[in-house]
Amino acid sequence: MKVDLHVHTTASDGLLSPKDILAKAKDSGLNTLAIADHDTIDGIEEGIKAAKEKGIRLIPALEISARHEKQVHILGYFVDYTDPKFQSFVNKLKNSREERNEKMLKKLENFGFHITMEELKANAQGNIGRPHIADIMVKKGYVSNFGEAFEKYIGNGKPCYVPKERPDIRKSIEIIKKYKGVPVLAHPKYTFLENEELENFVAYLSDIGLGGLEVFYSKHSKEEESQYLKLAEKYSLVPTAGSDYHREGDAFGMELKKEYLEKLLSLQTL
Ligand code: AMP
Ligand code: ZN
Ligand code: FE
Ligand code: FE
């Protein structure tokens, strides 16, 4: 099946609106799409409307940046995005981003880079993050390209980086489950854990309620895929597939066995 269970829209740091990403999904012959924006569900309603018009299955989702030593991303599929209590949880994540952006701009100021919150907001429609900052740095000639902004200034651990205040991983999984979602570990590659360490981590997450593993990811090698697939099988986690599409030039659309997609769909309780 051609699906994509991990794409971003203008509701966070993607460059296409939910409507446009559904048009892209239709053009690419996808059967199922999940909008999984960072810490927000603001793109879902528009996405669902467009999905109906295009005849594509849209899974409501989000991608929570959770705290756990380093950062870990947890996808939540089928979450009840209409529940006011869930919306209030998500809004808190948004507010913590806002404070963090202000802190990063202050640090950049110390390097002689002047960027105001107004400029940042003018260049973004949804949840603002580091990619928006990087874009402005390029535009203003502070760095010569997007990657350089991260390598020198705003990448993890770099001088202008400020970590977000984050729910821990257990809380993130609990919340997703409480609001009828299925928690899935996004891009296991970026846990930067390998072999036994990765297995212990996956075993722990599965103990606390993880439902799936993003085995098929646009930046996983074949070896990584097969390693993660084994883990998914061993710990009874559904293998999922996502590109993490943000902008033109990124991979889009993934192959996923019908049985895996059906398994994921069968976990939907709402
Ligand atoms: P934020 O949610 O504001 O912390 O920003 C995270 C986003 O920044 C990720 O989803 C990536 O799109 C981007 N990003 C993080 N680190 C890098 C990097 N080293 N190079 C390029 N993009 C990055
Ligand atoms: Zn992103
Ligand atoms: Fe992610
Ligand atoms: Fe993502």
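**Domains, salt bridges and cores in a predicted model**

Visitor: How many residue pairs are in polar contact between domain 1 and domain 2, with both at pLDDT 80 or more?
Guide: The count is zero. The model is predicted.

Visitor: What makes the pair D135 and R247 a salt bridge?
Guide: The side chains of D135 and R247 meet at 3.6 Å, N to O. A salt bridge needs a distance within 4 Å, so 3.6 Å qualifies. The count of salt bridges between domain 1 and domain 2 is one. A polar contact must be within 3.5 Å, and 3.6 Å does not meet that cut-off.

Visitor: Which residues belong to domain 1 and which to domain 2?
Guide: The domain assignment gives 2-89 + 166-266 as domain 1 and 100-154 as domain 2. Their C-alpha centres lie 27 Å apart.

Visitor: How do you know that domain 1 and domain 2 are in contact?
Guide: Eight residues of domain 1 and seven of domain 2 have contacts across the boundary, judged by heavy atoms within 4.5 Å. About 550 Å² is buried between the two domains, and carbon and sulfur atoms give 40% of that area. On the domain 1 side, T10, D13 and R247 supply 63% of the area buried against domain 2, more than any other three residues.

Visitor: Why is D244 called buried?
Guide: Its relative accessibility is 12%. Buried means under 20%, so D244 meets the cut-off. D244 is found in the loop between β7 and β8, and its phi is near 70 degrees, a positive value in a residue other than glycine.

Visitor: Is N195 buried or exposed?
Guide: The relative accessible area of N195 is 55%. Exposed means over 50%, so N195 is exposed. N195 lies in helix α8, residues 195-207. Phi of N195 is also positive, near 45 degrees.

Visitor: What makes K234 and E199 a salt bridge?
Guide: Their side chains meet at 2.7 Å, N to O. The limit is 4 Å, so the pair counts as a salt bridge. K234 is in helix α9 and E199 in helix α8, 35 residues apart. K234 counts as exposed at 57% relative accessibility, whereas E199 is partly exposed at 22%.

Visitor: Why is K189 called partly exposed, and E224 buried?
Guide: K189 has 25% relative accessibility and E224 has 18%. The cut-off for buried is under 20%, so E224 falls below it and K189 does not. The side chains of K189 and E224 meet in a salt bridge at 3.2 Å, N to O. K189 lies in the loop between β5 and α8 and E224 in helix α9, so the pair ties together parts 35 residues apart in sequence.

Visitor: How many salt bridges does a search of the whole structure find?
Guide: The search finds eleven. Among them is K121 with E98, at 3.2 Å, N to O. K121 is in helix α4 and E98 in helix α3, 23 residues apart. D39, R97 and R166 are linked in a network of salt bridges.

Visitor: Which residues have the most contacts inside the largest nonpolar core?
Guide: They are L33, I74, Y77, F86 and L213, in a core of 67 residues. Strand β3 gives the most to this core, with six residues. A second, separate core has 19 residues, including L108, L120, I133 and I136.

Key:
Residues are numbered from 1 along each chain as its sequence is written. Chains are lettered from A and ligands numbered from 1 in the order in which they are written. Side-chain values use heavy atoms; hydrogens and water are left out. A nonpolar core is a set of buried Ala, Val, Leu, Ile, Met, Phe, Trp, Tyr and Cys residues joined through side-chain atoms within 4.5 Å. Buried means under 20% relative accessible area, exposed over 50%, partly exposed in between (1.4 Å probe, protein chains only). Helices (H or I, at least four residues) and strands (E, at least two) are DSSP runs, numbered from the N terminus. Domain bounds come from an automatic or database domain assignment. Buried area is the accessible area (1.4 Å probe) that two parts lose on being put together, summed over both. A polar contact is a pair of N or O atoms within 3.5 Å; within protein, one must be able to donate a hydrogen and the other to accept it, and residues adjacent in sequence count only if both atoms are side-chain atoms.
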